[in-house]
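Hello,

Here is the structure I promised to pass on to you. Have a look at it first, and then read on for what turned up in it.

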Amino acid sequence: MIGGIDENHDHRGPQIAYNRSRMSARETALALTRWFAAAQRDLPWRKTRDPYAIWVSEVMLQQTRVDTVEGYYDGFLRRFPDVESLAAADEDAVLSAWSGLGYYRRARLLHRGARHVVEALNGELPADAVDLRRIPGIGPYTAGAIASIAFDRPEPLVDGNVARVLSRFHAIEDPAGQDAKARRHWDEVAEIVQHGRPRVLTQALMELGATVCTPQRPRCEDCPLQPRCRAHALGRAADIMVTRRKASVRTERYHALLLRCGDRVLLAKRPEGGLLAGLWCPPLVPRQGRRRLPTAAAVEQLLGAGVDVRGAASRDVKHVFTHRIWHLTPCVGGWPRRPRLALEGAAWVPLGGLPVGGVPTVTKKLLGVLEDDGQ
Ligand code: SF4
C-alpha cells in the first residue's frame with residue numbers, strides 16, 4: 001500500500017447504503033467545475049497533458065505532501081524527460097533522483113512500469129484505464145488519474161481526500177463506507193465525471209479535499225458543495241473522517257558506524273527486502289541497553305574486521321518512518337588503511353560527496369553529524 005492508496009484493490013468494497021444527496025451529479029459537476037476554475041492551486045503537473053509526466057506526479061504525490069513533491073518533480077523530469085529515458089536508466093540513477101522523497105518502492109515500481117511501457121507498448125501509455133492497469137505498479141487509482149487527467153477519459157479515481165469529501169457530503173458515519181476503496185465512492189465519481197471535463201472534475205474533487213474539506217477544521221463556508229452537504233447540515237462536518245487509524249509504531253535503537261579511512265567514509269547498501277532496501281546507509285549495530293558505544297565483538301561480526309570505535313558523536317539522530325522510529329547514536333572511528341571487509345554492498349564514499357544511487361534522508365542526517373563534528 002502506498003500513500004494511503006491500496007493500488008491492489010478492485011474497489012468492490014462493502015456496499016454501504018447511504019442517503020443520496022438531493023444534489024444531482026450534474027449539479028455537483030457544475031459546482032465543482034466553477035469552483036476549480038477559481039480556486040485551484042498553481043502546481044507544475046497541472047501545466048501538462050503528458051501522460052508520462054502525470055504518471056510521475058501521481059506516483060510522487062502518494063503519501064507525500066504537495067510542497068515536498070514540488071521540490072522533486074521538475075528535477076526528476078529534467079533527468080528523465082520521457083518514458084524511454086526512464087526505462088533506459090539503471091536503478092541506481094532512478095533512486096538517486098528519488099533520494100530524499102522517501103517510499104523508494106514507488107520509484108522502483110515506476111521504473112519497472114516504464115520498462116514495460118517501452119518493451120511491451122512501444123513507449124506509448126494507453127489511454128484506457130483497463131489497459132493502464134496491466135502495467136506493473138499501476139493500480140486503479142493511478143490508472144484513473146492518467147486516464148482522466150491526461151486523456152480526459154470519464155474514469156473515476158478516489159483517494160483519501162475524495163473519500164473524505166464524499167463521506168461528509170453524505171454524512172457517512174460507518175468507517176467501512178468512508179474508505180477510499182468503498183464501491184459507492186467509485187460509482188459516484190464515475191457518475192459525476194460524465195457531466196463535464198473528467199480531467200477537471202477528478203482534480204477538483206481531490207483539490208477540494210486537500211484544501212477545503214480538510215481532515216481538521218473543514219472550511220465549509222468556502223465549499224461549492226455546502227448547500228447540499230449533509231454533514232454540514234447536521235453540524236457534523238468536523239466530526240466525520242477526522243482521525244485516521246494510527247498505525248502501530250515500533251522504536252528501534254542502533255549505533256550508526258561513521259567509519260573513515262582517509263578522506264572517505266564507509267557506507268553500505270541496505271539488504272534487499274527490508275527497510276530502505278538497496279539504499280546507502282552507514283552500517284548499523286543494534287544498540288543494547290544504554291551503552292554509548294557498541295561492543296567490539298558486535299562491530300567485528302557485522303564488518304568482518306575489527307575497528308577502533310573511538311566515541312559517540314556530539315548528538316544522536318532520530319528518524320521517523322511510517323511504522324518505525326529509529327534512534328541512532330552515531331559512533332566515529334576508522335582505519336589508517338583500507339581493511340578487508342565482509343560487509344556486503346560496502347563502498348568508500350568521499351567525504352562531502354554522495355554515492356550514485358538512493359541516499360535516504362537518514363543517511364544525509366548522519367553524514368551531517370560527521371561534518372558538524374569536524375570529523
Ligand atoms: S460543506 Fe464542509 S463538510 Fe461538506 S463537503 Fe464541503 S467542506 Fe466538506
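A good place to start is the ligand: helix 9 gives the largest share of the shell around it, three residues. Please keep in mind that this is a predicted model.

The shell around the ligand has 14 residues, and the closest are Cys-213, Cys-220, Cys-223, Cys-229 and Ala-237. Two elements each give two or more residues to that shell, namely helix 9 (160–169) and helix 13 (230–233). Sorted by class, the shell consists of eleven nonpolar, two polar and one charged residues.

Now for the chain as a whole. It has 375 residues, of which 40% count as buried, and it contains 15 helices and eight strands. If you draw a box along the principal axes, the C-alpha atoms fill roughly 75 × 50 × 35 Å. Among contacts with a separation of 6 or more, 69% are between residues 24 or more positions apart.

The domain assignment splits the chain into domain 1 (25–233) and domain 2 (250–372). Their C-alpha centres are 37 Å apart. Where the two domains touch, eight residues of domain 1 are in contact with eight residues of domain 2. On the domain 1 side, helix 5 (residues 91–98) gives the most, with five residues. That side of domain 1 has four nonpolar, three polar and one charged residues.

Within domain 1, which spans 25–233, one helix pair is worth a look on your screen. Helix 2 (residues 51–61) packs against helix 3 (residues 66–79) at an angle of about 145°, and the axes are 10 Å apart. The crossing of helix 2 past helix 3 is right-handed. From helix 2, the residues Ala-53, Val-56, Ser-57, Met-60 and Leu-61 take part, and they meet Val-66, Val-69, Tyr-72, Tyr-73, Phe-76 and Leu-77 of helix 3. By class, this contact has ten nonpolar residues, one polar and no charged.

Helix 11 (residues 183–192) is another one to find. Which of its residues are buried? They are Arg-184, His-185, Trp-186, Glu-188, Val-189 and Ile-192. The cover over these buried residues includes helix 1 (25–39), helix 9, helix 10 (175–178) and helix 12 (198–211). Helix 9 therefore appears twice in this tour, since an earlier paragraph had it giving three residues to the shell around the ligand.Finally, there are two loop residues whose backbone you may want to look at. Tyr-103 is a residue other than glycine with a positive phi, near 45°. Tyr-103 sits in the loop between helix 5 and helix 6 (104–121). Is Tyr-103 buried or partly exposed? Tyr-103 counts as partly exposed because there are 16 C-beta neighbours inside 10 Å, while a buried residue would need 20 or more.

Asp-152 also has a positive phi, near 60°, and is a residue other than glycine. You will find Asp-152 in the loop between helix 8 (140–150) and helix 9. With 16 C-beta neighbours inside 10 Å, Asp-152 counts as partly exposed.

Enjoy exploring it!

Best wishes

Conventions: Residues are numbered from 1 along each chain as its sequence is written. This is a predicted model: local features need pLDDT of at least 70, side-chain atom pairs count only at pLDDT 80 or more; totals for chains, interfaces and linings use all residues. A residue is near a molecule or strand if its C-beta atom, placed from the backbone, lies within 6 Å of it. Helices (H or I, at least four residues) and strands (E, at least two) are DSSP runs, numbered from the N terminus. Ala, Val, Leu, Ile, Met, Phe, Trp, Tyr, Cys and Pro count as nonpolar, Asp, Glu, Lys and Arg as charged, and the others, Gly among them, as polar. Domain bounds come from an automatic or database domain assignment. Two residues are in contact if their C-beta atoms, placed from the backbone, lie within 7 Å. Axes are lines fitted to C-alpha atoms, for helices over the stretch in contact, and angles run from 0 to 180 degrees between N-to-C directions. A crossing is left-handed if the near helix is turned anticlockwise from the far one by less than a right angle, and right-handed if clockwise. A residue is buried if 20 or more other C-beta atoms lie within 10 Å of its own, exposed if 12 or fewer, and partly exposed in between; C-beta atoms are placed from the backbone.
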